[in-house]
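Please look over the sequence and the structure shown here before reading on. The report is meant for someone who has not met this structure before.

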Protein chains: 2
Amino acid sequence: MTTWDSLYANRATRMRASEIRELLKLLDKPDVISFAGGIPDPKLFPADEFKKAYTDILGSAEAERALQYGVSEGSLRLRTWIADHMQSLGVICSPENILITSGSQQALDYIGKLFLSPDDTALVQWPTYLGALQAFNAYEARYDRLDPGTNRSAADHRRKASETGGDIKFAYLSPDFANPTGLSLSLEDRRRVLSLAEDLSCAVIEDSPYESMRYDGEPVPPLLALDCEASGGIENSRTFYCGSFSKSISPGLRLGWICAAREVISRLVLIKQASDLNTPVLNQDAMARVAESIYEAHTSRTRTVYKARRDAMLAALERHMPAGTKWTKPEGGLFVWVELPGQIDAAELLSKSVETAKVAFVPGRAFHADGVGANTMRLSFSCADNEKIEKGVSRLGRLIVETVTSKV
Amino acid sequence: MTTWDSLYANRATRMRASEIRELLKLLDKPDVISFAGGIPDPKLFPADEFKKAYTDILGSAEAERALQYGVSEGSLRLRTWIADHMQSLGVICSPENILITSGSQQALDYIGKLFLSPDDTALVQWPTYLGALQAFNAYEARYDRLDPGTNRSAADHRRKASETGGDIKFAYLSPDFANPTGLSLSLEDRRRVLSLAEDLSCAVIEDSPYESMRYDGEPVPPLLALDCEASGGIENSRTFYCGSFSKSISPGLRLGWICAAREVISRLVLIKQASDLNTPVLNQDAMARVAESIYEAHTSRTRTVYKARRDAMLAALERHMPAGTKWTKPEGGLFVWVELPGQIDAAELLSKSVETAKVAFVPGRAFHADGVGANTMRLSFSCADNEKIEKGVSRLGRLIVETVTSKV
């Protein structure tokens with residue numbers, strides 16, 4: 001049986017491994033300081049609370065229900081908590097507006113499945129979340145650059161999309177402390193995206209897994225809240241809010257959600273039913289208990305830890321990066337985005353860095369839908385303590401200086 | 001925003017709610033005896049063993065890993081158990097031949113995603129598992145009837161597929177105690193399917209969630225085992241075996257697997273990565289512990305319970321069904337398939353039955369890719385005790401007699 005390639009669907013040609021996940025396998029060496037993974041610090045997971053939750057559920061009459069099949073939309077108790085949480089962000093909604101997904105990656109997959117016919121266009125930022133590109137690639141999407149700052153006209157976006165023969169189905173963006181840049185959208189830019197989407201009659205996908213991780217500055221309302229306000233309520237809104245417990249509590253249970261108009265939630269429920277029936281009820285029940293009892297206290301505690309690491313990384317970058325290097329100053333999240341001087345290729349730098357400086361990071365090219373951005377890199381401060389951050393950034397700075405010098 | 005329909009992908013027109021899952025919501029009334037759900041009896045779930053497993057993991061140093069992101073292919077410990085299990089079924093394989101999925105429904109979704117371009121053909125039985133049709137519909141599949149007994153030629157299947165403009169990508173079947181018929185494929189028929197697939201150069205999808213539920217008769221080797229034997233080993237095999245813990249232990253953790261050649265597993269890992277990153281490590285670790293410690297004893301105990309229920313149902317059908325009614329006599333699984341006399345429409349019968357006889361079942365039409373089979377129904381004996389089975393079948397028999405009489 002050597003003819004697999006001829007049997008695969010057309011879409012299979014677009015499926016590629018995440019460079020990052022492949023990288024992470026190579027970089028997991030004890031002597032390398034890693035700023036590569038975008039993962040939360042496992043030392044901060046509330047293991048005791050989860051232990052209590054699983055023990056309580058499995059030791060009670062609830063066990064039978066928790067170990068059985070469940071409804072595709074998700075457990076009411078967790079959807080109720082999430083609806084309350086969305087209200088606290090300014091989105092007036094009910095549990096019927098919530099679909100539980102197996103992490104927000106699944107939300108992106110389902111949204112691609114619902115909207116994208118081959119060659120349809122998704123508007124995305126340059127750079128954008130790599131996992132979103134992977135999810136949409138599987139439905140043979142095309143991309144056009146969404147740049148809320150530049151005010152590009154709807155007509156111009158339409159022209160671009162018609163070149164590839166498809167329609168513009170949605171604008172995808174991560175407005176709070178985005179992966180990979182760490183940057184957030186201003187209120188004005190959020191309004192501009194919504195207005196562009198209205199002109200284009202397309203949906204807006206608001207991916208907000210880092211929402212709970214603001215370390216300073218004032219919160220800006222979610223696009224969904226602004227959309228509800230402008231359109232008269234969630235049932236008239238064009239925005240899909242994708243939330244997640246992965247960064248706020250733990251990624252291990254694979255629990256996220258989509259909050260949107262009931263009409264589209266009901267379509268997404270059909271997709272869920274056909275793709276994996278339901279997310280485990282046991283995990284949903286455990287997360288509901290943990291969120292109900294410790295969400296505020298836990299996210300407050302982890303914010304303190306991550307804020308200190310962000311501060312340490314920004315300070316170290318100031319101290320050790322040579323002139324010509326630029327980086328973002330995120331108000332939250334897990335990432336700092338670096339632009340290297342002198343056309344240094346970050347992928348080449350990485351192979352040197354792992355050998356000599358013993359520091360790992362993620363080269364930025366993969367986050368760009370068209371493969372530009374060779375001189376960019378993503379640094380994550382989530383899993384390193386202050387000492388490692390100082391040591392790692394200092395070594396990396398030295399390597400960059402050497403590389404610039406050798407190129408002159 | 002009232003223009004959602006114009007934004008949806010072409011495939012969305014093929015997405016419909018499972019009649020069964022919609023039915024189950026209506027039928028959940030205390031005074032109705034239900035033979036409808038194809039779900040295992042929750043009283044048989046090993047809740048204590050799961051409690052111990054979750055407590056042990058979350059109370060130990062393993063908690064950090066169990067609550068973190070994991071690799072897309074699945075935890076090595078669980079894949080190792082599964083590879084051993086597959087060996088016990090006659091399939092020589094290693095953990096690299098296994099992908100962990102979120103239930104075998106996800107396996108079907110991924111296989112559809114990997115193979116099906118719009119209008120490609122899947123060969124399926126008439127009737128077949130409804131969830132498979134739902135999974136493949138989302139990729140705009142066409143269907144042609146697979147009937148291992150009739151020896152239809154490859155050329156004839158090819159002619160049919162070319163009418164709809166696509167290629168035949170795979171033959172899908174459930175060879176052991178199939179949902180909905182309860183029937184199994186003979187060794188000869190299994191060989192015939194493999195030979196047809198070879199003639200067609202297509203893949204074979206072997207869906208086997210009920211494998212552990214044989215109550216009598218001799219086990220027949222999985223198609224994958226026969227394929228490995230004939231082709232020289234799993235790396236040359238064209239068969240994808242989809243297994244599941246849903247019926248053998250519990251469906252609540254949503255844990256299944258695909259066992260196949262490494263080359264195709266690596267493609268499916270990419271699909272997993274883009275669609276939900278990974279199945280929860282915590283659940284995989286808990287299932288590995290439970291399977292390692294109680295799989296044999298537990299499945300042996302549940303077989304005894306379900307065998308008694310099957311026997312009770314077959315005896316009650318003998319006693320209470322009028323002449324002209326036919327039903328299958330399954331050697332395992334959860335279902336008996338009934339053909340009604342006198343062109344009775346099972347969907348019409350169901351609405352009467354829920355009102356008057358207070359018995360629920362699933363009308364058979366939805367299991368047929370072309371909507372035939374109006375006079376068929378699926379009865380599940382999984383969740384009713386002997387008394388309920390006797391009472392329910394007796395009432396149902398009376399209703400069928402009345403219906404036949406009124407039509408004469």
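What follows is a short report on a predicted model, arranged by topic.

## The open sheet of chain A

Chain A holds an open sheet of seven strands, ordered β2-β8-β7-β6-β5-β3-β4, in which the pairing is mixed. Its edge strands are β2 and β4 (142-145), each of which pairs on one side only, and from one strand to the next the twist averages 25°. As general background, the strands of a sheet pair through backbone hydrogen bonds, in either a parallel or an antiparallel sense.

At one end of this order, β2 (residues 98-101) of chain A runs antiparallel to β8 (residues 256-259) of chain A, and four bridges join the two strands. On its other side in the strand order β8(A) is followed by β7, and β7 (residues 239-244) of chain A pairs with β8(A) in the antiparallel sense, again over four bridges. A:Trp257 in β8(A) stands opposite A:Ile100, and A:Gly243 likewise stands opposite A:Trp257. Although β2 is an edge strand, both of its faces are covered, with A:Ile98 and A:Ile100 buried on one side and A:Leu99 and A:Thr101 buried on the other. The helix α11(A) lies across β2 and β8 of chain A, and runs at about 25° to β2(A).

## Where the two chains meet

In the contact between the chains, 70 residues of chain A touch 70 residues of chain B. On the chain A side, at least two residues each are supplied by α1 (4-7), α3, α4 (63-66), α6 (103-115), α7 (130-137), α11 (262-276) and α12 (281-320). The largest share of this side, nine residues, comes from α11(A), the helix that also lies across β2 and β8 of chain A. By class, the residues of this side of chain A divide into 36 nonpolar, 21 polar and 13 charged.

## A pair of helices in chain B

Two packed helices are described by the angle between their axes and by the distance between those axes. In chain B, the axes of α13 (residues 346-357) and α14 (residues 386-407) come within 11 Å and cross at roughly 125°, and the two helices are therefore oblique to each other. The crossing in which α13(B) passes α14(B) is right-handed. From α13(B) the contact is made by B:Leu349, B:Lys352, B:Ser353, B:Thr356 and B:Ala357, and from α14(B) by B:Arg395, B:Leu396, B:Arg398, B:Leu399 and B:Thr403; taken by class, this contact has four nonpolar, three polar and three charged residues.

## A buried proline

A:Pro46 lies in the loop between β1 (33-34) and α3 (47-58) of chain A, and it counts as buried because 22 C-beta neighbours lie inside 10 Å. Leaving aside neighbours within four places in sequence, A:Pro46 is in contact with A:Ile249, A:Val290, A:Ile294 and A:His298.

## Backbone details

Most residues other than glycine have a negative phi, and most peptide bonds are trans. In chain A, however, the peptide bond from A:Trp126 to A:Pro127 is cis, with omega near -5°, and A:Pro127 is found in the loop between β3 (121-124) and α7. In chain B a cis peptide bond joins B:Trp126 and B:Pro127, with omega about -5°.

Two residues of chain A that are not glycine have a positive phi: A:Asp119, near 75°, and A:Phe177, about 55°. A:Asp119, in the loop between α6 and β3, counts as partly exposed with 15 C-beta neighbours inside 10 Å, whereas A:Phe177, in the loop between β5 (168-173) and α9 (187-200), counts as buried with 25.

Conventions: Residues numbered from 1 in each chain as written. Chains lettered and ligands numbered in written order. Predicted model: local features only at pLDDT ≥ 70, side-chain atom pairs only at ≥ 80, totals over all residues. Buried ≥ 20, exposed ≤ 12 C-beta atoms within 10 Å, placed from the backbone. Contact = placed C-beta atoms within 7 Å. Nonpolar A, V, L, I, M, F, W, Y, C, P; charged D, E, K, R; others polar. Pairing = 2+ DSSP bridges. Axes fitted to C-alpha atoms, helices over the stretch in contact; angles between N-to-C directions. Parallel < 35°, antiparallel > 145°, perpendicular 65-115°, else oblique. Left-handed = near helix turned anticlockwise from the far one by under 90°.
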